[in-house]
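Visitor: I'd like a close look at one part of this structure, the pairing of strands in one of its chains. Could you start with a sheet and then walk me outward from there?

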Amino acid sequence: MSDTILEVNGLQTSFYTHLGEVQAVRGLSFKMKKGDILGIVGESGSGKSVSALSLMKLIDFPGRIKAGSIVFDKKDITNYSNTKMSDMRGNDMAMIFQDPMTSLNPVFSIKSQMVEVIRRHRKVNRRDALKVAVEMLHLVGIPEPEKRIHAYPHQFSGGMRQRVMIATALSCNPKLLIADEPTTALDVTIQAQIIDIMKHVSKELHTSIILITHDLGVIAELCSRIIVMYGGMAMEKGNIDDIFYRPSHPYTRGLLQSLPRMDSHAKDRLIPIKGSPPDLMKPPSGCPFSPRCPHAMNICREEAAPTFKVGEGHTSVCWLLHKDAPAVEGYAKGEVADAE
Amino acid sequence: MQNDQVLLQVENLKKYFRMDNSFSNKHRQDLTAVDDVSFVIKRGETFGLVGESGCGKSTIGRTIVRLYEPTGGRIIFDGDDITTMSQKDLHPYRKRIQMIFQDPYASLNTRMTVAEIIGEGMLTHKLSNNSERLERVHYLLNTVGLKKEHANRYPHEFSGGQRQRIGIARSLAVEPELIICDEPISALDVSIQAQVVNMLEDLQDKMGLTYLFIAHDLSMVKHISDRIGVMYLGKLMEVCDSNELYENPLNPYTKALLSSIPVPDPRANRTSKRIVLQGDVKSPINPPPSCRFNPRCPMCQQICREQTPELLEVRPNHFVACHFVK
């Protein structure tokens, strides 16, 4: 498949602490098409950020990628050395982080930080690099970029800093942009601006984007493909309509039901998911969601479920979809799918 | 449950923070965190305050409990003016107004056990003797969905959602009438938020509590509140019924705020048109008389830059501050 930009197989990342092994990601596999916007949703501790860092191979001691392979743009980067990765980071794949306040260096001007990135990856002189930087700032909607580029991060507001981050990340025209909670620290009206910019970028530059967030609203606005993560595992994968209108995993359903709806008139009660997320130091055996699942069966606590195919490009990891499982309303039976 | 008795009345409340950036008084500047804000909260209702960061919503909450001294205006609680009351006179009112804070990691003393944390208020207000107190702590833990074995543990042994429950139990311990909830759920995971919100609603039904619910998450505020006040840079822009606010927002800022909330419904997103505001929130330091929203407002005219619009009742129980909504 030539249009696949990223293929991840059985990724496992653990952190080895004094107290034991924290299994942050426990076997994540997915394929991503060029130009797609892939959303990874999950709560804190679900392994979504560690997955992203693993893709960039930014996992540092005491963490380690334990198993799995990462194939990016037809190159298997699983065993790439740090030097080789440095050439790729920022050039082929770039990342923006949650907190725009701390991810820019406060003692360098925006200009020197952006020019540094461009000159690291491209053979251009300072003047041309500056030109590119100004262009990028213009693209993300910073007014008067020629003047503002000389400013320091503290002179920018949170939304402006996040734009600078996006501009810097895009300045070498990467094939893949990983955005880890890019709007979480921002106000809603600013968030709307950033969402617009990301849409624009994906359309204009055809950059593939992985968007990591806990906000299903942001996912609904931006993404075409979604992976729902819980307890370090992918619970459900599907297109945007599959996940929002035909969720086939109890966790996805629970998540959607626990949100208040703006258009509901009556004071409906929210339907929460009982309990709290698992401790990844000693994850529950079987399905990580089984202690909180309303439909949990004996097998759920004993053995992790296989991946069931629910529809075209829609898979779910849940025993309820097994042909011998008791019928629960809304959960159609699926076939065991080959590992993706 | 709900009657029209006013529990809390806030009149022209002002809170300015002095910015000392120079030794001389000439350069003194004021940050107008809350500027001339008035609203009432009726007994048994939930009043929501929403706005972006820096709009002064938390400052209002803290000023009402006199954690900050108000710069001007009046705070009238159950008929009594508590604006300038001495700390000694204020003591009985502290029992009647309680607060739940945003960060469940910072708002519990790490060196106290859960029983000590919850019981401290009862001790201060001399509400019970030692044995009664422990019994009540157990009862309260049960009320907020924790177990009585938890009483002897320390805060670090709990998750964020559980800590927030401890904070709620602490505020309930002195049987308050008004609870100021300052972003009580924004630090919690999505699946836990609904648990806490449902619990707050149950407690209100059971104990007849009144809430001032401060948050930036408009969909959650809409869910829990009877009436909502929308703030922008220290000013109230619109106050009305929560359903009315959603269905018929009149202030341009409220409209933009509502439309910029990403809805977890892809089909609705495809059809609806979003208003994306340009620019950022401007500085609240020494603002000139003007509508605070004018640099970002799509409807802005000359008058918006020169005069501050007043909060007027344009429809029954629907207050709006805008020159063009009359």
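Guide: Sure, let's start with an open sheet in chain B: four strands in the order 2-1-4-5, paired antiparallel. Keep in mind as we go that this is a predicted model. At the edges of the sheet sit strand 2 (29–42) and strand 5 (80–81) of chain B, each of which pairs on one side only. Strand 2 of chain B has strand 1 (residues 6–19) of chain B as an antiparallel partner, and ten bridges join the two. If you want a pair of residues to click on, try B:Tyr16, whose bridge partner in strand 2 of chain B is B:Thr32. As a bit of background, strands of a sheet pair through backbone hydrogen bonds, and they can do so either parallel or antiparallel.

Both kinds of pairing turn up around strand 9 (residues 227–232) of chain B, so that's our next stop. On one hand, strand 9 of chain B pairs with strand 3 (residues 46–50) of chain B in the parallel sense, over four bridges. There, B:Leu49 has B:Gly229 in strand 9 of chain B as its bridge partner. On the other hand, strand 9 of chain B runs antiparallel to strand 10 (residues 235–241) of chain B, and six bridges join them. In that pairing, B:Val230 stands opposite B:Glu238 of strand 10 of chain B. Strands 9 and 10 of chain B form a hairpin with two residues between the strands, and B:Leu233 takes a positive phi near 45° in it.

Now, is strand 9 of chain B enclosed or not? Six of its six residues are buried, so strand 9 of chain B is largely enclosed by the rest of the structure. In a regular strand the side chains alternate between the two faces of the sheet. Here, B:Arg227, B:Gly229 and B:Met231 point one way from strand 9 of chain B, while B:Ile228, B:Val230 and B:Tyr232 point the other way, and all of them are buried. Notice that B:Arg227 is on that buried list.

Helix 1 (residues 57–64) of chain B tells a similar story: seven of its eight residues are buried, so this helix is largely enclosed by the rest of the structure. The buried ones are B:Lys57, B:Ser58, B:Thr59, B:Ile60, B:Gly61, B:Thr63 and B:Ile64. Just after helix 1 of chain B comes B:Arg66, with a positive phi of about 60°.

While we're on helices, look at helix 3 (residues 114–124) and helix 5 (residues 160–172) of chain B, whose axes come within 7 Å and cross at roughly 30°. An angle under 35 degrees counts as roughly parallel, and helices 3 and 5 of chain B are therefore roughly parallel to each other. On the helix 3 side of chain B, the contact is made by B:Val114, B:Ile117, B:Ile118 and B:Gly121; on the helix 5 side of chain B, by B:Ile166, B:Ala169 and B:Arg170. Sorted by character, the residues of this contact are five nonpolar, one polar and one charged. The spacing is worth a thought too: an α-helix has 3.6 residues a turn, so residues three or four places apart point the same way.

Let's zoom out to the whole of chain B. Its secondary structure comes to eleven helices and twelve strands. For 326 residues, a compact globule would have a radius of gyration near 20 Å, and the 21 Å of chain B agrees with that. Along the principal axes, the C-alpha atoms of chain B fill a box of roughly 65 × 55 × 40 Å. Buried residues make up 44% of the 326 residues in chain B. Of the contacts in chain B with a separation of 6 or more, 65% are between residues 24 or more positions apart.

Finally, chain B has a neighbour: 32 of its residues are in contact with 39 residues of chain A. Helices 6 (190–207), 7 (218–224), 8 (242–247), 9 (252–260) and 10 (266–271) of chain B each give two or more residues to the side that touches chain A. Helix 6 of chain B provides the largest share, seven residues. In all, that side of chain B divides into 15 nonpolar, eleven polar and six charged residues. As for the partner, chain A has eleven helices and 13 strands, and buried residues make up 48% of its 340 residues.

Note on methods: Residues are numbered from 1 along each chain as its sequence is written. Chains are lettered from A and ligands numbered from 1 in the order in which they are written. This is a predicted model: local features need pLDDT of at least 70, side-chain atom pairs count only at pLDDT 80 or more; totals for chains, interfaces and linings use all residues. Two residues are in contact if their C-beta atoms, placed from the backbone, lie within 7 Å. Ala, Val, Leu, Ile, Met, Phe, Trp, Tyr, Cys and Pro count as nonpolar, Asp, Glu, Lys and Arg as charged, and the others, Gly among them, as polar. The radius of gyration is taken over C-alpha atoms; the globule rule is 2.2 Å times the number of residues to the power 0.38. A residue is buried if 20 or more other C-beta atoms lie within 10 Å of its own, exposed if 12 or fewer, and partly exposed in between; C-beta atoms are placed from the backbone. Axes are lines fitted to C-alpha atoms, for helices over the stretch in contact, and angles run from 0 to 180 degrees between N-to-C directions. Angles under 35 degrees count as roughly parallel, over 145 as roughly antiparallel, 65 to 115 as roughly perpendicular and the rest as oblique. Two strands pair if DSSP finds at least two bridges between them.
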